[in-house]
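Student: I would like to work through this structure with you, one feature at a time. Could we begin with the terms we will need?

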Amino acid sequence: MRFETKAIHSGRKVDRSTGAVTTPIHLSTTYERNIDGSYTDDFLYSRGDNPNRRALEECLTSLEDGHDCVTFASGMAAITSVIEALPSDKPRRVIMPDDMYFGIRSLISETDIGSKFDMVMVDMTDLQEVENAIQHAPTGLVWMETPSNPLVKVTDIEAVSKIAQEAGAYTVVDNTWPTPALQRPLTLGVDFSLHSVTKYIGGHSDLMIGAVVAKSDSPMLANLRAWQHSKGAVPSPFDCWLALRGVQSLAPRMRVHCSNAAEIADFLNHHPNVEAVHYPGLAHHPGYVIAARQMSSFGGMLSFQVKGGEREAMAVTAKLRLFTRATSLGGTHSLIEHRASVEGSDTMAPPNLLRVSVGIENVEDLKEDLIQALE
């Protein structure tokens with residue numbers, strides 16, 4: 001099946017008891033044993049498995065062309081589990097990108113993850129820097145995020161994966177921004193593709209789930225499944241149902257997100273009050289060639305720098321009428337955020353930078369809103 005068909009059919013079947021074509025929501029926490037002590041479909045207790053969660057995991061596995069999927073209660077729960085599930089025979093050294101989701105920086109600085117693991121930050125766009133970091137000391141895990149948040153850097157997934165695997169390290173790509181509709185890291189040699197399903201896959205800003213899709217069976221995948229079951233950070237049946245509903249429209253939604261973002265990036269790139277635009281679909285972007293090779297389109301996320309400083313950037317957000325000033329991304333509506341003020345002193349974002357999640361509204365309305373806000 002092709003992607004659009006997988007998104008609608010994978011993980012779903014007509015309900016056997018009622019004939020319902022829409023997957024029912026299974027809220028039961030426990031399941032009856034058969035007379036011989038066995039369980040129907042191996043459902044025992046909802047922390048261990050649930051029909052809605054199983055359906056979502058099967059669907060995401062199919063979309064990523066993977067082997068298996070493990071879902072968690074949030075994107076951060078998935079991120080934490082990937083790091084902690086590193087097998088005990090692997091080095092505790094983790095190579096991370098210098099520009100990445102700020103929640104990971106908080107995870108490192110505010111929890112014991114920072115002391116349990118040797119976290120090394122490098123510029124993932126510089127292959128020599130990546131190679132030097134991996135060769136400097138034994139490494140267990142190499143983490144990629146491409147395009148990155150919020151500076152929209154593009155990493156060569158295939159090249160970094162080859163360097164990491166030659167050194168015996170596992171690899172993971174945070175694939176939240178492009179989604180499997182635009183980028184499939186497992187086909188480029190990566191071991192795990194990670195998602196905040198909360199964002200584009202759910203697509204409507206009304207659920208919270210994280211997911212990790214594995215390319216193949218491995219001790220690390222076994223650890224992830226054990227972490228899910230024993231540590232209990234599992235998504236609710238209703239959130240899984242919402243995600244499975246949302247993913248059905250992922251492909252057409254992403255086409256509009258990408259089309260709108262490309263048009264807005266081009267518009268901003270020519271605006272006299274804009275200093276710089278960060279979007280991989282612009283020909284002058286440093287990662288344009290790589291993004292064109294490993295992505296089917298350039299995504300719905302961009303950031304731009306207003307001429308001036310923080311005051312001028314904040315003034316633009318204050319005048320916008322259709323773009324909502326809010327954290328998060330990937331919903332149907334357009335969001336804008338001043339990242340430096342959110343992230344604080346450790347931010348990588350310049351003070352005049354605004355991050356935009358371009359929604360699926362009419363693009364002319366969005367451009368008109370930006371025109372009046374930037375004047």
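Tutor: A residue is called buried under 20% relative accessible area and exposed over 50%, and partly exposed in between. Please keep in mind that this is a predicted model.

Student: With those limits, in which class does Phe-238 fall, buried, partly exposed or exposed?

Tutor: Phe-238 lies in helix H10, which covers residues 237-247, and together with Ile-25 and Leu-27 it makes a nonpolar surface patch of about 290 Å². Its relative accessibility is 41%, and a value between 20% and 50% belongs to the middle class. Phe-238 therefore counts as partly exposed.

Student: Which strands form the edges of the open sheet?

Tutor: The open sheet has 5 strands with mixed pairing, in the order E8-E9-E12-E11-E10. An edge strand pairs on one side only, and this applies to the strand at 274-278 and to the strand at 324-325. The edges are thus strands E8 and E10.

Student: What is the bridge partner of Val-274 in E9?

Tutor: E8 and strand E9 (residues 301-306) run antiparallel and are joined by 4 bridges. In E9, the residue that partners Val-274 is Val-306.

Student: Turning to charged side chains, how many residues apart are Arg-255 and Glu-4?

Tutor: Side chains of opposite charge can pair when their charged atoms come close. The structure holds 21 salt bridges, and one of them is formed by the side chains of Arg-255 and Glu-4, with an N to O distance of 3.3 Å. Arg-255 belongs to helix H11 (residues 250-269) and Glu-4 to helix H1 (residues 3-9), so that the pair links distant parts of the chain, and the separation is 251 residues.

Student: Is Glu-57, the salt-bridge partner of Arg-225, buried or exposed?

Tutor: The closest N and O atoms of Arg-225 and Glu-57 are 3.2 Å apart. Because Arg-225 lies in helix H9 (residues 219-231) and Glu-57 in helix H2 (residues 51-63), the salt bridge ties together parts that are 168 residues apart in sequence. Arg-225 is partly exposed, with a relative accessible area of 27%, whereas Glu-57, at 7% relative accessibility, counts as buried.

Student: What class of accessibility does Asp-123 have?

Tutor: Asp-123 and Lys-153 meet through their side chains in a salt bridge, at 3.8 Å from N to O. Lys-153 is in the loop between strand E4 (141-145) and helix H7 (157-166), and Asp-123 is in the loop between strand E3 (118-122) and helix H6 (127-136), so the pair ties together parts that are 30 residues apart in sequence. Lys-153 is partly exposed at 24%, while Asp-123 has 18% relative accessibility and therefore counts as buried.

Student: Which residues are joined into one network by salt bridges that share partners?

Tutor: Here the salt bridges are linked through common partners, and the residues in the network are Glu-84, Asp-112, Lys-116 and Lys-231.

Student: Which residue has its backbone oxygen 2.6 Å from a polar side-chain atom of His-338?

Tutor: His-338 is found in the loop between strand E11 (335-337) and helix H14 (339-343), and at 4% relative accessibility it counts as buried. Leaving aside residues up to four places away in sequence, His-338 touches Glu-310, Ala-313, Met-314, Pro-351, Leu-353 and Leu-354. The backbone oxygen lying 2.6 Å from a polar atom of the His-338 side chain is that of Pro-351.

Student: What is omega for the cis peptide bond from Asn-149 to Pro-150?

Tutor: Pro-147 lies in the loop between E4 and H7, and a cis peptide bond joins it to Thr-146, with omega about -10°. Pro-150 is found in the loop between E4 and H7, and for the cis bond from Asn-149 to Pro-150 omega is near 10°.

Student: Finally, what is phi of Ser-328?

Tutor: Ser-205, in the loop between strand E6 (192-196) and strand E7 (210-214), has a positive phi of about 55° although it is not a glycine, and at 41% relative accessible area it is partly exposed. Ser-328 is found in the loop between E10 and E11 and counts as partly exposed at 23% relative accessibility. Its phi is likewise positive in a residue other than glycine, with a value near 95°.

Definitions and conventions: Residues numbered from 1 in each chain as written. Predicted model: local features only at pLDDT ≥ 70, side-chain atom pairs only at ≥ 80, totals over all residues. Heavy atoms only, no water. Patch = residues over 30% accessible without salt bridge, like charges linked within 9 Å, V, L, I, M, F, W, Y side chains within 5 Å. Areas by Shrake-Rupley, 256 points an atom, 1.4 Å probe, with all protein chains shown as cover. Salt bridge = Lys/Arg side-chain N within 4 Å of Asp/Glu carboxyl O. Helix = DSSP H or I, 4+ residues; strand = E, 2+ residues; numbered from the N terminus. Buried < 20%, exposed > 50% of the residue type's maximum accessible area, 1.4 Å probe, protein only. Pairing = 2+ DSSP bridges. Polar contact = N/O pair within 3.5 Å; in protein donor to acceptor, adjacent residues only side chain to side chain. Contact = heavy atoms within 4.5 Å.
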